[in-house]
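Please open the structure in your viewer and follow the stops below in order. Each stop gives a selection and then describes what is found there.

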Amino acid sequence: MENKETKTIFITICGRPNVGKSTLLNALMGRKVSIVSPKAQTTRLRVTGVLTKDNCQYVFLDTPGLNKADSSLGQAMVQSVSDGIENADITLFVIQAGDKVLKTEKRILNMLKTNRMRAFLIVNKCDVVPKSEILETISLFSQLYDFEEVIPVSAVTGLGLDDLLSELERRAQESVFYFEPSYVSDMPDAYYVCEVLREKMLYNLGQEVPHTVAVVPESFQQDSKSIKCSMIIYCTRESHKGIIIGKGGEMLKKIATQARLELEKHFGKKVYLECFVKIKNDWQNSSSVLTQLGM
Ligand SMILES: Nc1nc2c(ncn2[C@@H]2O[C@H](COP(=O)(O)OP(=O)(O)OP(=O)(O)O)[C@@H](O)[C@H]2O)c(=O)[nH]1
Ligand SMILES: [Mg+2]
């Protein structure tokens, strides 16, 4: 270790919603840094994950699934994808095995072309798709861009991930480490709490409500033994507020308990979590809320 030169590579993970970008990042990191859910549009903020393995530092950027920019929030999400692509050494263009090419994917490929970006085609979810379909998907997408590598993976079983890391390592440049080897993520703890809370809403609420919700920290105090925080959940309508709180407060209690249990494990300390639901019409276009969300 002492005699080896250190090297670094900056990697942006992009793709349409729900293909498993965040799951892939967590699997590569060997720990959770980005929230995941079965619903599209889970990731809103850019999330950095730093993995230091021997003499190589991988700096991953998870981006929101590319979608329509129909609000200030949507625009910020699209912007974060194109910034991420511009600033990386290499892009992982993640697709789902068995899929046809979608319009949003063509938009991302255009961003790659504009930036003459070096890219890998990462075919995820290979654990659930027959080999013939995987090959078909690969031949379809390979025609659209000159990918440096094509790697079938499963972020769930770990298939192909060692391969992916070693192909990335081969392309890392000699440099000093930009981060301490113990550094993992740039997300402040208070925001991580917000994100886990939002993840539990994505799991527990129907299709529409969680997408119109924002979670921001109202207060956050941490010492060596515990975290005490209160969080505001913004939604856009009275009826949504009712759904989030649930009959007799049951739903909000369930969401907050699931979040608290996971956060206690994550931080290794006691977590006291208070949640308040407030209505703020059109928060997706409110610059004050977007600023609080770090966008
Ligand atoms: N079977 C299988 N499911 C996967 C795999 N990777 C991710 N998933 C599932 O796919 C769903 C979406 O995963 P996410 O990681 O949230 O997807 P994403 O691309 O980050 O989604 P957005 O942030 O909304 O763009 C979740 O239900 C994951 O459990 C995989 O390799 N195999
Ligand atoms: Mg995601």
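A salt bridge is taken here as a side-chain nitrogen of Lys or Arg within 4 Å of a carboxyl oxygen of Asp or Glu. By that criterion, a search of the whole structure, which is a predicted model, returns 17 salt bridges.

**First stop: Glu105 and Arg16.** Select these two side chains, which form a salt bridge with an N to O distance of 3.3 Å. Glu105 belongs to helix α3 (residues 103–114) and Arg16 to the loop between β1 (7–14) and α1, so the pair ties together parts that are 89 residues apart in sequence. Glu105 is buried, at 0% relative accessible area, and Arg16 is likewise buried, at 12%.

**Next: helix α5.** Display residues 161–171, the extent of helix α5. Which residues form salt bridges with Glu167 here? Arg170 does so at 3.0 Å, N to O, and Arg171 has its closest N and O atoms 3.0 Å from those of Glu167. Arg170 lies 3 residues from Glu167, about one turn of the helix; Arg171 lies 4 residues from Glu167, also described as about one turn. Glu167 is buried at 18% relative accessible area, whereas Arg170 is exposed at 60%. Arg171 is buried, with 14% relative accessibility. Extend the selection to Arg118, Glu148 and Glu149: salt bridges with shared partners join these residues, Glu167, Arg170 and Arg171 into one network.

**Next: Lys39.** Move to the loop between α1 (21–29) and β2 (47–53), where Lys39 is found. Is this residue paired or unpaired in terms of salt bridges? Lys39 is buried but has no salt bridge, and the nearest side chain of opposite charge, Glu199, is 12 Å away. A polar atom of the Lys39 side chain lies 2.8 Å from the backbone oxygen of Leu205. Beyond its neighbours within four places in sequence, Lys39 has contacts that include Asn18, Tyr203, Gln207 and His211.

**Next: Leu45.** In the loop between α1 and β2, select Leu45. Leu45 is buried, at 16% relative accessibility. Setting aside residues up to four places away in sequence, Leu45 touches Asp62, Glu195, Leu293, Gly294 and Met295.

**Last stop: the sheet.** Colour the open sheet of 3 strands, ordered β8-β9-β10 with mixed pairing. Its edge strands are β8 (214–222) and β10 (270–279), and the twist averages 20 degrees from one strand to the next. Strands β8 and β9 (residues 226–235) run antiparallel and are joined by 8 bridges; Ser219 stands opposite Ser230 in β9. Finally, add helix α7 (residues 238–245), which packs on the sheet and touches β9 and β10.

Technical notes: Residues numbered from 1 in each chain as written. Chains lettered and ligands numbered in written order. Predicted model: local features only at pLDDT ≥ 70, side-chain atom pairs only at ≥ 80, totals over all residues. Heavy atoms only, no water. Pairing = 2+ DSSP bridges. Helix = DSSP H or I, 4+ residues; strand = E, 2+ residues; numbered from the N terminus. Axes fitted to C-alpha atoms, helices over the stretch in contact; angles between N-to-C directions. Contact = heavy atoms within 4.5 Å. Buried < 20%, exposed > 50% of the residue type's maximum accessible area, 1.4 Å probe, protein only. Lys, Arg positive; Asp, Glu negative; His and termini not counted. Polar contact = N/O pair within 3.5 Å; in protein donor to acceptor, adjacent residues only side chain to side chain.
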